[in-house]
Amino acid sequence: MVPSNRLSRGGQMDILGLSSSPKDVELGVRQPMENQIFQSKISELAQDTGALKETFEAGNLPAVAAKLQATLHSLENVRLDIGITGGTGSGKSTFVNAIRGLGDEDLNSAGTGVVEMTVEPTPYPHPKYLNITIWDLPGIDTPTFQADEYLQRVLVDRYDFFIIITSDSFMANHAQLAHGLLQRGKGFYFIRSKVDVDMAASRRRRPRTFSEERVLSQIREDCWQRLEAEGLKDPKVFLLSMFEVGKYDFCLLEESMVEGVESHKRHALVVALPNISKAILAKKEASLRQHIWLVATVACGINSSPVPGVQDVACDLYRLIHALEGYYHSFGLDEDSLVKLAEQTGQPLHRFLEAIQGPKTTVTKELVVDLLGQASRDASTFTQELLNVPVLGALATCGISFATVYQMLRLSLDVAAEDAHMLIQTFLNTTEQSLSENFNQ
């Protein structure tokens, strides 16, 4: 439960909003607004070269694919570096693990402890997305702390944005660092960690009058007052528990980071974030859905070969294997993610496997061929839909391959998203039940 949407005194949340459902933003097959969005994106791509525009209008699929392959590669592999800093024992190393979907005892997790464990900037690649690196930075609570020297030491320009964490009150060091980042045009977010510890202590002290909302309000107000006293206007502060990431402000932090990162890096960040809320699942689905046409174009136009058993369809099966694997990894439907979810919830793995509608095995060539075969049955009808969409209609006239691949990806994403929503609901229900049992003990 998030007690308040006020993250700053001015109420400016800077959160990426979705004005419609994820399926509504699918490009080229639904509402007129989506057609406009799609045309806008094509126009942006076409601005750099008249040749690209001509290839789209001509419906020359191989030429279009060659132009777009680099765009797709960049979207999927753009580098993102996030710096995590704060005081000793603030939980910054645990946050490094949590934002990567890891526990403190998992393989490749950042070392944690009550003494400063980090003496130099230490990179921790995301376990699924190696283009994303979370940096555990040295602590900032030394008596002689100087922001300029610190930022030079950690190579401030390396990072896209920073997370500044404290488990107690924000002090002058935190504000000094923030001012230094503002001067260099770097974004940052304040985190007040270990809120669960405050809740437990307050409940023990005042069991009859305890109010979670009141405690959170008091913590938030204290953070604002201290940071504003140091000259920071309207600071955004997120209250977190690293061990209960589904509670408090973690999902709001995720959404704010998505909104704040550079637009060409937004997709890379969205797909890699932990699946802790329905809101982040919706953003993942929307982002992946907007790239279906790119994947389909490249798969049909480059290294394509006839698909065995699927009449008149030719494409690069390995490109589609990669795409489906991306869906499963982002939504936490791969084997490693499901095993971890079973451990976290205390539920048997088979319970989740039985509930999943999509494939329960790794993505193989045979699976993709089967899915293409199913999609090809409706390809003629779907081609008629595409014909009503500028550019996609031109590509659809090149043959049934594009329509079949596009339809297969769309349906596969639908199923993966539904499975992910089922898993997050199970996780939330289990978490609420566990918290209720602990409270009543």
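**Exercise 1.** In this predicted model, find which residues His267 is in contact with once its neighbours within four places in sequence are left aside, and decide whether His267 is buried or exposed.

*Solution.* Begin by locating the residue: His267 is found in helix H10, which covers residues 266–272. Next, leave aside the neighbours within four places in sequence, and the contacts of His267 are Leu75, Ser287, Leu288 and His291. One of these partners deserves a second look, since the side chains of His267 and His291 are joined by a polar contact of 3.4 Å. Finally, turn to the accessible area: the relative value for His267 is 11%, and because buried means under 20%, His267 counts as buried.

**Exercise 2.** Work out how helices H12 and H13 are oriented to each other, and describe which residues meet where they pack.

*Solution.* Start with the geometry: H12 (residues 292–301) and H13 (residues 317–331) pack at an angle of about 155°, and their axes lie 9 Å apart. Since angles over 145 degrees count as roughly antiparallel, the two helices are therefore roughly antiparallel to each other. Then list the residues on each side: H12 brings Ile292, Val295, Val298 and Ala299, which meet Arg319, Leu320, Ala323 and Tyr327 of H13. Sorted by kind, the residues of this contact comprise 7 nonpolar, no polar and 1 charged.

**Exercise 3.** State how many helices and strands the protein has, and what share of its residues is buried.

*Solution.* Counting the elements first, the protein contains 19 helices and 8 strands. Turning then to burial, buried residues account for 52% of the 441 residues.

How values were computed
Residues are numbered from 1 along each chain as its sequence is written. This is a predicted model: local features need pLDDT of at least 70, side-chain atom pairs count only at pLDDT 80 or more; totals for chains, interfaces and linings use all residues. Side-chain values use heavy atoms; hydrogens and water are left out. Axes are lines fitted to C-alpha atoms, for helices over the stretch in contact, and angles run from 0 to 180 degrees between N-to-C directions. Helices (H or I, at least four residues) and strands (E, at least two) are DSSP runs, numbered from the N terminus. Angles under 35 degrees count as roughly parallel, over 145 as roughly antiparallel, 65 to 115 as roughly perpendicular and the rest as oblique. Contact means heavy atoms within 4.5 Å. Ala, Val, Leu, Ile, Met, Phe, Trp, Tyr, Cys and Pro count as nonpolar, Asp, Glu, Lys and Arg as charged, and the others, Gly among them, as polar. Buried means under 20% relative accessible area, exposed over 50%, partly exposed in between (1.4 Å probe, protein chains only). A polar contact is a pair of N or O atoms within 3.5 Å; within protein, one must be able to donate a hydrogen and the other to accept it, and residues adjacent in sequence count only if both atoms are side-chain atoms.
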